[in-house]
Amino acid sequence: MEYNKLKGKNLVSVGRCADMPVLGFGDTITLNRRGKQRKYHEYEFHIQCPFRIVKEKQIILGSYDIYCALGDENDSDWETYGNNRFDKVAEDIIKPMLPMKVLDIFASEVGDIFIKLENETDINIFIHSEGNREFWRFIDFKNDVHVVFEEGKINRDD
C-alpha cells in the first residue's frame, strides 16, 4: 500500500489542524496550490480517529490530549494553539526527539495503522467504530495521491 513509502523516511513533525492530528514524514517540498507556493512534507497522515505515540511502553501523547486545556480547570479553550496538553507535549517533548526514522509500518484488517519508529517509539492509529466517515488519510504530496480509510475500507484517490 502507498503508506509503505514511509519505511526509511523520518517522522519530522507532529502537529494539528483544529482537532485533527497531523503527522509529517520525509523532506519538505514546495508545491504550487491554488496559485500559491506552499510547503508540505513529502507524506502526511491526517488522523480523525484515536491515535497515540508510545515511547518505551509509556503513552506520551494521544489524540484526546487536544481537548485537555492548560491552566484553569474550567478553561475549555483547547482551540487556541499552545493552550492544550497536545500542543505542549508536541512542542516540548516530541519536537526535540525529531527526526525519528520509520523502521516499519503495518495495517490491520480493520484499518488500524502501526508505525514502528527508532528509539523504542511507536505510533498507533486505531479505528474505534464503524461508520460512514473518514478515519484517516495518508497523503503523498509528491505524487498527489490520497489513501483514505473510510466506510470500513481503504480507498485511493488520485
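Reader: Which residues have the most contacts inside the largest nonpolar core?
Author: This is a predicted model. Its largest nonpolar core has 36 residues. Those with the most contacts inside that core are Phe25, Phe45, Ile123 and Trp136.

Reader: Which element gives the largest share of this core?
Author: In general, nonpolar side chains of soluble globular proteins tend to be buried together. In α1, Phe86, Asp87, Val89, Ala90 and Ile94 are buried. The largest share of the core is four residues, and it comes from α1.

Reader: Which strands do the buried residues of α1 pack against?
Author: Helix α1 covers residues 85–94 and packs on the sheet. Its direction makes about 120 degrees with that of β5. Its buried residues pack against β1, β2, β4 and β5.

Reader: Which residue caps the N-terminal end of α1?
Author: Look for a side-chain oxygen by the backbone nitrogen of Phe86. The two atoms lie 3.0 Å apart. The capping residue is Asn84.

Reader: Which strands stand at the edges of the sheet?
Author: The sheet is open and has eleven strands, with antiparallel pairing. Their order is β5-β4-β8-β7-β6-β1-β2-β3-β9-β10-β11. A strand at the edge has a single partner, so one of its sides is left without a neighbour in the sheet. The edge strands are β5 (58–62) and β11 (153–157).

Reader: What is the average twist from one strand to the next?
Author: The sheet runs in order from β5 to β11. Going from one strand to the next, the twist averages 35 degrees.

Reader: Which residue in β5 stands opposite Arg52?
Author: Strand β4 spans residues 51–55. Four bridges join β4 to β5, and the two run antiparallel. Opposite Arg52 stands Gly62.

Reader: Which residue in β6 stands opposite Leu11?
Author: β1 is joined to strand β6 (residues 100–107) by two bridges. These strands run antiparallel. Opposite Leu11 stands Met100.

Reader: Which residue takes a positive phi in the hairpin of β6 and β7?
Author: β6 and β7 (residues 113–117) pair in the antiparallel sense over five bridges. Val102 stands opposite Leu117 in this pairing. The hairpin has five residues between the strands. With a phi near 100 degrees, the residue is Gly111.

Reader: Is His41 buried or exposed?
Author: His41 lies in strand β3 (residues 36–47). Its relative accessibility is 18%. Buried means under 20%. So His41 counts as buried.

Reader: Which side chain makes a polar contact with that of His41?
Author: His41 touches several residues beyond four places away in sequence, including Val12, Phe25, Asp27 and Phe141. Ser13 is also one of them. The polar contact has a distance of 3.4 Å, and the partner is Ser13.

Reader: Which residues does the second, separate core include?
Author: This core stands apart from the largest one and has five residues. Among them are Ile29, Tyr40, Ile139 and Phe141.

Reader: How many disulfides are there?
Author: A disulfide needs two cysteine sulfur atoms within 2.5 Å. For Cys17, the nearest cysteine sulfur is that of Cys49, 16 Å away. For Cys68, the nearest is also that of Cys49, 17 Å away. The count comes to zero.

Reader: What is the relative accessible area of Cys68?
Author: Cys17 is partly exposed, with a relative accessible area of 49%. Cys68 is partly exposed too. Its value is 27%.

Key. Residues are numbered from 1 along each chain as its sequence is written. This is a predicted model: local features need pLDDT of at least 70, side-chain atom pairs count only at pLDDT 80 or more; totals for chains, interfaces and linings use all residues. Side-chain values use heavy atoms; hydrogens and water are left out. Two strands pair if DSSP finds at least two bridges between them. Axes are lines fitted to C-alpha atoms, for helices over the stretch in contact, and angles run from 0 to 180 degrees between N-to-C directions. Contact means heavy atoms within 4.5 Å. Buried means under 20% relative accessible area, exposed over 50%, partly exposed in between (1.4 Å probe, protein chains only). A polar contact is a pair of N or O atoms within 3.5 Å; within protein, one must be able to donate a hydrogen and the other to accept it, and residues adjacent in sequence count only if both atoms are side-chain atoms. A nonpolar core is a set of buried Ala, Val, Leu, Ile, Met, Phe, Trp, Tyr and Cys residues joined through side-chain atoms within 4.5 Å.
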